[in-house]
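Me: I am in my first year and would like a close look at a single part of this structure, namely the place where aromatic side chains come together. Please take me through the rings and then through the strands that carry them.

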Amino acid sequence: QVKLVESGGGLVQAGGSLRLSCAASGTSISINAMGWYRQAPGKQRELVAGITRSGSTNYADSVKGRFTISRDNNVNTVYLQMNSLKPEDTAVYYCNKGNSAYSFVPGGLWGQGTQVTVSS
């Protein structure tokens, strides 16, 4: 079964850190761009961070300097290290496998999401 499984979400106080993981099974992510997205209640899903096949990264302005995306193709996993968390980071976080190596346009494969809640 082809799927992406996110983990690592939870409840954290403002200023704290979390590390999200996205493990792929039934499919390889090594030649695809991968992205982390988030969706807060009443808001559209937005790209938080993306990483290309070659490891180049892109971040939303709201998370630059606080979040770091990385990938380990050996274990078919993408990570999102989130530091200095703010209440406005509260959302469901999803990972996505892009359809190409260098574009951050989302592909059709999404994980189920992991809830991140930041208390003030």
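Reply: What follows goes through the aromatic rings, then the charge beside them, then the strands. The model is predicted, so local features need pLDDT of at least 70 and side-chain atom pairs count only at pLDDT 80 or more, while totals for chains, interfaces and linings use all residues. Residues are numbered from 1 along each chain as its sequence is written, and side-chain values use heavy atoms, with hydrogens and water left out.

A search of the whole structure finds two aromatic pairs, where rings of Phe, Tyr and Trp (its six-membered ring) pair if their centres lie within 6.5 Å, and planes under 30 degrees apart count as stacked, over 60 as edge-to-face and the rest as tilted. The ring centres of Tyr37 and Trp110 lie 5.0 Å apart with 65 degrees between their planes, so this pair is edge-to-face. It joins distant parts of the chain, since Tyr37 belongs to strand β4 (residues 34–39) and Trp110 to strand β10 (residues 109–110), 73 residues apart; strands here are DSSP runs of E with at least two residues, numbered from the N terminus. Tyr37 is buried at a relative accessible area of 6%, whereas Trp110, at 28%, is partly exposed (buried means under 20% relative accessible area, exposed over 50%, partly exposed in between, with a 1.4 Å probe and protein chains only).

Tyr94 and Trp110 also form an edge-to-face pair, with 6.4 Å from centre to centre and 90 degrees between the planes. Tyr94 lies in strand β9 (residues 91–97), 16 residues apart from Trp110, and Tyr94 is buried, with a relative accessibility of 14%. Tyr37, Tyr94 and Trp110 thus make up one aromatic cluster.

A charge is found here too: the charged end of Arg45 sits over the ring of Tyr94, 3.8 Å from its centre, and also over the ring of Trp110, 4.5 Å from its centre. A charge sits over a ring if NZ of Lys or CZ of Arg is within 6 Å of the ring centre and within 35 degrees of the ring normal.

Turning to the strands, β4 is mostly covered, with five of its six residues buried. β4 pairs with β9 in the antiparallel sense over six bridges, where two strands pair if DSSP finds at least two bridges between them, and Met34 has Lys97 in β9 as its bridge partner. β4 also pairs in the antiparallel sense with strand β5 (residues 46–51), over five bridges, and there Gly35 has Gly50 as its bridge partner.

Notes
Helices (H or I, at least four residues) and strands (E, at least two) are DSSP runs, numbered from the N terminus.
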